[in-house]
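Subject: Handover of a structure for your study

Dear colleague,

Please find below the structure that I am handing over to you. I would ask you to look at it first and then to read the notes underneath.

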Amino acid sequence: MYQQTQFQTSAEDQSSGTLFSMLLGQPRDISLEEKLQRLFSYRRQGMLNLISLNQGELMTLFGFDQGTAAALKAFVELSARLTRSVRFPGMSMTDSETVASYYMEFLCHRTKEMVVAAFFDRKYRFIADEVHSIGSDSASIVSVREIFRSALRADAAHVILLHNHPSGDPTPSGEDLSITGQVAEAGKIMNVPLTDHIIIGDHCYYSFKEKRLLE
């Protein structure tokens, strides 16, 4: 006699709302799933709304309580850290496209400018990175001194600077050109050269190295 086998539903078969409900420890909360569905439908941006909206907006626009909104934002941060912890095999400072791709999802959806300094050893192997500033929706504050203090602490031989443009256009501004020049000059003095400055836009990038602006 034929007996039908019951299989447990895989994660791929479940909706994002259901998975988030399970993550939040409320797997049968229909109200929560409805809020999540409205969130993912908002402005047709799906789960990107978790990145672009702050905790207060999650509460005000969709009715999440403070704990749930905080948990959702914590999920975003942990996901970003997990993504960044998986290094690209052979990630090299000589390949601007690889470095830009590595930081693309981390930076391209930010609503404020964020500056990241990435450090490499003498054999061009990745050592570490640090977020050095988070600015407004159109500007960030860069401390050249702090960048090279971190570089020396990491025993770095090369530095790559990265930051995002919330507008989506990676074309460097006058301030970007000025800051790049300052960091490059400091790198020469410290014998820790600035190898590249990569500006991340909306799934695109601008590399000072590729444009031959750091020679």
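The notes below describe what was found in this structure, beginning with the overall plan and moving on to particular residues.

Please keep in mind throughout that this is a predicted model.

**Overall plan**

The protein has 215 residues, and buried residues make up 40% of them. Its secondary structure consists of 8 helices and 5 strands. Read from the N terminus, the order of these elements is α-α-α-α-α-α-β-β-α-β-α-β-β.

**Helix H1 and the residue after it**

Helix H1 covers residues 16-23, and its buried residues include Gly17, Thr18, Phe20 and Ser21. These four lie on the same side of H1, because they cover an arc of only 165° around the axis. Just after H1 comes Gly25, which takes a positive phi of about 75°.

**Aromatic rings**

The count of aromatic pairs comes to 6. One of them joins Phe62 and Phe64, whose ring centres are 6.4 Å apart and whose planes stand at 50°, so the pair is classed as tilted. Phe62 counts as buried because its relative accessibility is 5%, and Phe64 counts as buried because its relative accessibility is 3%.

Another pair is made by Tyr102 and Phe126, and this one is edge-to-face, with 6.3 Å from centre to centre and 65° between the planes. Which elements does the pair of Tyr102 and Phe126 tie together? Tyr102 lies in helix H6 (residues 96-107) and Phe126 lies in strand S2 (residues 126-134), so the pair connects parts that are 24 residues apart in sequence. Both Tyr102 and Phe126 are buried. The two also belong to a cluster, in which ring pairs link Tyr102, Tyr103, Phe120 and Phe126.

A further ring has a charged residue as its partner: Arg110 lies over the face of Phe106, at 4.6 Å from the ring centre.

**Salt bridges**

Side chains of opposite charge can pair when their charged atoms come close. A search of the whole structure finds 5 salt bridges, and three examples are described here.

In the first example, the side chains of Arg125 and Asp121 meet with 2.8 Å from N to O. Are these two residues buried or exposed, or do they lie in between? Arg125 has a relative accessible area of 48%, so it is partly exposed. Asp121 has a relative accessible area of 16%, so it is buried.

The second example is formed by Glu130 and Arg153, where the closest N and O atoms are 3.6 Å apart. Glu130 lies in strand S2 and Arg153 lies in helix H7, so this salt bridge ties together parts that are 23 residues apart in sequence. With 29% relative accessibility, Glu130 counts as partly exposed, whereas Arg153 is exposed, with a relative accessible area of 55%.

In the third example, the side chains of Arg149 and Glu146 meet at 3.2 Å, N to O. Both residues lie in helix H7, 3 residues apart, which is about one turn of the helix. Arg149 counts as partly exposed at 38% relative accessibility, and Glu146 counts as partly exposed at 31%.

**A nonpolar patch on the surface**

Which residues make the nonpolar surface patch of about 320 Å²? The patch is made by Leu152, Ile189 and Met190. Leu152 lies in helix H7, which covers residues 144-153. The relative accessibility of Leu152 is 49%, so it counts as partly exposed.

**The segment after strand S5**

Finally, please look at Glu210, which is placed in the segment after strand S5 (205-207). Glu210 is partly exposed, with a relative accessible area of 45%. How far apart are the C-alpha atoms of Glu210 and Ser96? They are separated by 7.3 Å, while the two residues are 114 residues apart along the chain.

As you work through the model, I would suggest that you locate each of these residues in turn.

With kind regards

How values were computed
Residues are numbered from 1 along each chain as its sequence is written. This is a predicted model: local features need pLDDT of at least 70, side-chain atom pairs count only at pLDDT 80 or more; totals for chains, interfaces and linings use all residues. Side-chain values use heavy atoms; hydrogens and water are left out. Rings of Phe, Tyr and Trp (its six-membered ring) pair if their centres lie within 6.5 Å; planes under 30 degrees apart count as stacked, over 60 as edge-to-face and the rest as tilted. Buried means under 20% relative accessible area, exposed over 50%, partly exposed in between (1.4 Å probe, protein chains only). Helices (H or I, at least four residues) and strands (E, at least two) are DSSP runs, numbered from the N terminus. A charge sits over a ring if NZ of Lys or CZ of Arg is within 6 Å of the ring centre and within 35 degrees of the ring normal. The arc is that of the directions from the helix axis to the C-beta atoms. Patches are made of residues with over 30% relative accessible area and no salt bridge: like charges are joined within 9 Å, nonpolar side chains (Val, Leu, Ile, Met, Phe, Trp, Tyr) within 5 Å. Accessible areas come from the Shrake-Rupley method with a 1.4 Å probe; for residues, only the protein chains shown count as cover. A salt bridge is a side-chain nitrogen of Lys or Arg within 4 Å of a carboxyl oxygen of Asp or Glu.
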